[in-house]
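Me: I have a structure open and want to learn how to read its salt bridges and helices. Can you take me through them?

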Amino acid sequence: MRRLIPNIFKPRDIFRKKSLTTMSYPESFIAEQYRTIRTNIQFINGVKKNQSFLITSTNSEEGKSTTAVNLAVSLVQQKERVLLIDTNLKKPSVHMTFNLDNSIGLTDILRGKQSFDDAVVKTEFGRLEVLPSGPIPFNSSELIGSRTMFDLIESTLKRYDIVIFDSPSILESSDTKILANLCDGVILVIKSGKTETKKAIEAKRLLDIAKAKIIGVILNNSK
């Protein structure tokens, strides 16, 4: 297992601080909202372990990755063992939040170039481990829809209490529909003042077609 690699560049530190509200500002209103989301998920799906959740949005720049990383940290604070996987293979960002090297990751596992244990990274949060996206592929849908991906999900659910997938937005990538069908629950993030109603409806329709279990919608940047 790889270890967290500190990054000395200030711009990335600023990005990290803004993204990880649950760590940087644990007493803030926003951090409390993530704890509420965590509690609601536990009520909706019960107390059973070994569950997988996909975080997506209608379009990019709506806060899904920020939601994914903060939810993961919040769950770890509740003593859950969590794996966060960056499946946004075209525009990955989870590695930036945690200051990780992204030269090895999910795509290497799916291509058979690396084992899971060699690609996953243990973070400073103890019970939280991260699987970065790895090198950007040209055939992301083929990789996400492969038997290797299915087997990876099955194996990780035996090792972690909760597996969270930070996925591409549902309207921009077919990868998300594939993953949504495989996960125990989907959380749709929409942004107040930005997400168009018709696009939110279309996102819901696509998730229904994928036979995804939508367990909640998060309204981001609401006043």
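**Salt bridges and a buried helix**

Reply: Start with the salt bridges: the count comes to six. Bear in mind that this is a predicted model.

Me: How do I recognise a salt bridge, and which residue pairs with Asp166?

Reply: Look for a Lys or Arg side-chain nitrogen within 4 Å of an Asp or Glu carboxyl oxygen. Asp166 meets Lys64 this way, at 3.8 Å, N to O. Asp166 sits in strand β6 and Lys64 in helix α4, so the pair ties together parts that are 102 residues apart in sequence.

Me: Are Asp166 and Lys64 buried or exposed?

Reply: Buried means under 20% relative accessible area. Asp166 is buried, and Lys64 is too.

Me: What about the rest of α4: how many of its residues are buried?

Reply: Twelve of the 14, so α4 is largely enclosed by the rest of the structure. Among them are Thr67, Val69, Leu71 and Val73.

Me: What span should α4 have?

Reply: Use 1.5 Å a residue. For α4, residues 64–77, that predicts 20 Å, and the end C-alpha atoms are 20 Å apart, which agrees. Just after α4, Lys79 takes a positive phi of about 75 degrees.

Me: Which salt-bridge pairs lie in helix α11?

Reply: Glu202 and Arg205 lie there, three residues apart, about one turn of the helix. Their side chains meet at 2.8 Å, N to O. Asp208 and Lys204 are four residues apart in α11, also about one helical turn. That salt bridge is 2.7 Å, N to O.

Me: How accessible are Asp208 and Lys204?

Reply: Asp208 is partly exposed at 39% relative accessibility. Lys204 is partly exposed at 40%.

Note on methods:
Residues are numbered from 1 along each chain as its sequence is written. This is a predicted model: local features need pLDDT of at least 70, side-chain atom pairs count only at pLDDT 80 or more; totals for chains, interfaces and linings use all residues. Side-chain values use heavy atoms; hydrogens and water are left out. Helices (H or I, at least four residues) and strands (E, at least two) are DSSP runs, numbered from the N terminus. The expected span of a helix is 1.5 Å times one less than its number of residues. Buried means under 20% relative accessible area, exposed over 50%, partly exposed in between (1.4 Å probe, protein chains only).
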